[in-house]
Amino acid sequence: MSEQESTPEVVEADTAPDTGSLVLPDQTRPDKLYIIPIHSRPFFPAQVLPVIVDEDPWAETLERVAKTPHQRVALFYVDNPGDDPSVFDPDALPAHGTMVRIHHASREGGKLQFVAQGMARVRIRGWLRRRPPYLVEVDYPQAEDDPRDEVKAYGMALINAIKELLPLNPLYSEELKNYLNRFSPHDPSPLADFAAALTTAPGAELQEVLDCVPILKRMEKVLPLLRKEVEVARLQKELSAEVNRKIGERQREFFLKEQLKIIQRELGITKDDKSADADEFRARLAGKHVPPAAQKRIDEELNKLSILETGSPEYAVTRNYLDWATSIPWGVMGKDKLELKRARKVLDKHHAGLEDIKSRIVEFLAVGAFKGEIAGSIILLVGPPGVGKTSIGKSIAESLGRPFYRFSVGGMRDEAEIKGHRRTYIGALPGKLVQALKEVEVMNPVIMLDEIDKLGQSFQGDPASALLETLDPEQNVEFLDHYLDLRLDLSKVLFVCTANTLDSIPGPLLDRMEVIRLSGYITEEKQAIAKRHLWPKQLAKAGVPKDRLSISDSALKALIDGYAREAGVRQLEKQLGKLVRKTVVRLLEEPEASVRIGQKDLEGYLGSPLFRPEQVLSGVGVITGLAWTSLGGATLPIEATRIHTLNRGFKLTGKLGEVMKESAEIAYSYVSSHLKDFKADPTFFDEAFVHLHVPEGATPKDGPSAGITMASALLSLARDQAPKKGVAMTGELTLTGQVLPIGGVREKVIAARRQKIHELILPEANRSHFDELPDYLKEGLTVHFARRFADVAKVLF
């Protein structure tokens with residue numbers, strides 16, 4: 001082999017087979033050819049295409065080919081070339097390549113370019129040189145004669161597919177012209193090769209066609225590739241047509257709009273963006289009663305808008321200002337519905353119980369009906385969570401026929417939320433009140449300020465102080481928003497505020513509001529609310545028909561007592577929802593079943609009760625008191641015991657606050673100094689170390705209302721006599737034995753009824769508060785009113 005490689009290959013490649021007959025130039029078929037690998041896709045005999053190769057190492061190959069009389073070279077497809085395209089495994093070459101004739105060879109920028117004219121399939125018989133320039137011995141495989149009718153049928157199918165392909169891509173027309181100049185359309189072998197060359201199939205699939213010599217099998221491989229190419233070309237054309245159509249529509253719309261602007265300008269009816277904005281703002285003010293000062297300011301801003309360029313930042317600021325200023329419903333009032341029967345009906349529809357609250361709201365509406373209009377007012381609804389404060393605000397709005405707007409001020413720390421930001425700030429906005437007026441579109445809505453007891457304070461300002469102007473009927477006639485810098489009349493707005501407790505509301509703010517207290521619900525009220533509102537709501541939420549799931553009255557009562565004993569009904573609603581979810585699982589498993597939940601079923605669905613019946617403590621030194629919390633009323637047992645008699649002393653436990661500790665000291669001092677008056681040993685406390693405890697130890701407690709309770713416990717200890725059973729009490733005690741009034745009478749009475757305590761001791765000064773309670777709360781109660789502690793001792797002992 002080395003000897004062969006040292007011989008001049010040019011001479012070897014120049015020779016041609018001796019056919020013994022005259023050979024035309026295009027029919028020359030040398031038996032030795034140089035090889036050039038191509039990497040994009042196989043080259044077919046029916047193709048005429050430019051080929052570009054690297055100058056290094058293929059320059060020498062082309063130079064040697066140029067010296068041959070036939071100027072032929074073999075092109076073989078090599079897939080996935082390595083880093084050096086000139087180096088490849090000769091054994092990895094495909095079985096067949098294409099002999100091409102070289103035309104118009106040129107050299108530029110390190111590349112060699114020539115036009116390759118495909119001539120015939122070639123097959124390697126042996127290698128003469130295995131490094132560039134590669135030289136091989138070749139032969140020319142000939143196709144056998146296939147059944148003429150089948151070949152003709154496939155040929156017609158290929159021609160039809162090519163006809164379909166030509167309109168879809170004009171580039172195919174040029175290739176077809178070159179093909180027809182060289183071959184007859186009825187010659188099947190070049191037709192099959194030409195059809196394969198038209199496709200964009202992967203190189204491996206095209207190489208299979210090139211390797212296939214029999215014409216019929218070759219046509220069978222080419223036809224699916226060509227049909228696929230037709231479908232791809234058709235889809236591409238449809239996509240291009242759709243894109244062009246959309247672009248054409250937009251261009252047409254753009255041109256028509258531009259023409260319309262020119263026509264309008266010529267006729268004097270055009271409006272640029274500035275004129276359109278100004279006209280829109282003026283149109284908004286039509287039918288509104290704008291105060292003169294506000295109208296003057298708006299006109300000034302409109303004049304400024306007409307001068308500014310639309311692209312300037314000041315234009316955007318002015319436009320936003322006018323947008324807000326003209327959106328306010330200046331002077332537009334909604335018509336109130338002042339029918340008391342309708343108002344009572346709406347309140348009863350949404351709320352069970354709360355008769356005193358409903359009566360107070362109806363009285364408020366009656367004054368408005370008598371006068372003919374409801375002036376602005378500020379109502380504060382105070383009560384534990386879940387008693388319906390927010391829903392009462394909605395009911396007030398519905399009974400009046402006014403629009404309702406609610407926003408929470410809980411946690412608000414920036415006064416700009418109320419009064420707006422200055423216009424000088426980027427992204428400035430009016431306050432919530434202006435936003436509310438814009439949304440409701442009247443000047444007399446019902447606006448609810450939720451959680452007003454949870455207002456925050458920070459370095460940005462004090463929102464509670466900002467609310468002073470808002471909630472003062474004397475000042476909010478001319479409420480000033482910082483953003484608009486215009487005076488707004490909020491005197492017709494009905495403000496409804498909600499709070500859980502009054503302690504955290506600043507005094508000046510509280511002074512401006514009319515306080516309506518909502519106490520907790522008793523068991524009977526909760527039961528009615530559950531039956532009328534909560535249970536149907538949960539059934540509807542789960543999509544369960546009423547006839548398939550029901551709950552007994554005894555189960556509802558046990559659910560309230562054992563699982564939802566808080567003042568409101570929020571926990572009760574959660575437990576009812578849990579019941580419905582648990583039973584829906586059973587209904588799905590038994591599609592035909594209907595479930596009625598009884599009292600015995602509750603533990604199976606909800607687990608053990610959260611609240612067990614509280615055992616009222618009794619015995620020497622043990623007294624039951626009544627307390628008020630932000631969640632409603634509660635009973636408060638107080639225990640006193642003598643630890644030893646070694647020395648005098650007094651110890652307090654139970655996480656008591658300062659006021660309650662002072663009350664305990666007062667009770668200890670008063671009882672110690674009046675033991676003889678109450679028929680006890682006058683020297684009892686001289687030698688006794690007494691411990692007074694208020695369970696539960698982990699719960700903070702404060703307030704003066706346990707004074708008489710602690711004094712009674714100490715007196716019971718000193719007399720060594722148990723007090724009367726089933727009595728609970730509340731009241732503040734002084735050093736002289738006076739019993740002073742306390743707050744939260746309703747909540748404390750409810751707490752006593754919940755614990756089935758039917759005898760109470762209250763301060764005489766609270767008699768009027770007790771008399772105002774609904775009859776269903778007072779029913780079955782024995783109440784003693786005490787002016788002095790002696791009245792308390794008389795009842796107990």
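**Salt bridges, accessibility and backbone geometry**

Biologist: What is the relative accessible area of Arg-648?
Modeller: Arg-648 counts as partly exposed, the class between buried (under 20% relative accessible area) and exposed (over 50%), with a 1.4 Å probe and protein chains only. This is a predicted model, in which local features need pLDDT of at least 70 and side-chain atom pairs count only at pLDDT 80 or more, while totals for chains, interfaces and linings use all residues. Residues are numbered from 1 along each chain as its sequence is written, and side-chain values use heavy atoms, with hydrogens and water left out. For Arg-648 the relative accessible area is 40%.

Biologist: Which residue forms a salt bridge with Arg-648?
Modeller: A salt bridge here is a side-chain nitrogen of Lys or Arg within 4 Å of a carboxyl oxygen of Asp or Glu, and for this pair the closest N and O atoms are 3.1 Å apart. The pair links distant parts of the chain, 38 residues apart, with Arg-648 in the loop between β17 and β18 and its partner in helix α24; helices (H or I, at least four residues) and strands (E, at least two) are DSSP runs, numbered from the N terminus. That partner, partly exposed at 43% relative accessibility, is Asp-686.

Biologist: How far apart in sequence are the parts tied together by Arg-406 and Asp-450?
Modeller: Arg-406 and Asp-450 form a salt bridge whose closest N and O atoms are 2.8 Å apart. Because Arg-406 lies in strand β8 (residues 404–408) and Asp-450 in strand β9 (residues 446–450), the pair ties together parts whose separation in sequence is 44 residues.

Biologist: Of Arg-406 and Asp-450, which is buried?
Modeller: Arg-406, at 40% relative accessibility, counts as partly exposed. The residue that counts as buried, at 4% relative accessibility, is Asp-450.

Biologist: Which residue meets Asp-54 in a salt bridge?
Modeller: The structure holds 32 salt bridges, and in this one the N to O distance is 2.5 Å. Asp-54 lies in strand β2 (residues 48–54) and its partner in strand β5, so the pair ties together parts that are 57 residues apart in sequence. Asp-54 is partly exposed at 27% relative accessible area, and so, at 38%, is its partner, Lys-111.

Biologist: Why do the buried residues of helix α7 lie on the same side?
Modeller: In helix α7 (residues 203–211), Gly-203, Leu-206, Gln-207, Val-209 and Leu-210 are buried. They lie on the same side of α7 because the arc they cover around the axis, taken from the directions from the helix axis to the C-beta atoms, is only 155°.

Biologist: Which proline follows Asp-56 through a cis peptide bond?
Modeller: The cis bond at Asp-56 has an omega of about 25°. Another cis peptide bond joins Pro-132 and Pro-133, with omega about -10°, and Pro-133 lies in the loop between β5 and β6. The proline joined to Asp-56, placed in helix α3 (residues 55–67), is Pro-57.

Biologist: What is the phi of Asp-720?
Modeller: Asp-720 lies in the loop between α25 and β20 and counts as exposed, at 60% relative accessibility. Lys-679, in the loop between α23 and α24, is likewise exposed, at 74%, and has a positive phi near 60°. Although Asp-720 is not a glycine, its phi is positive, at about 55°.
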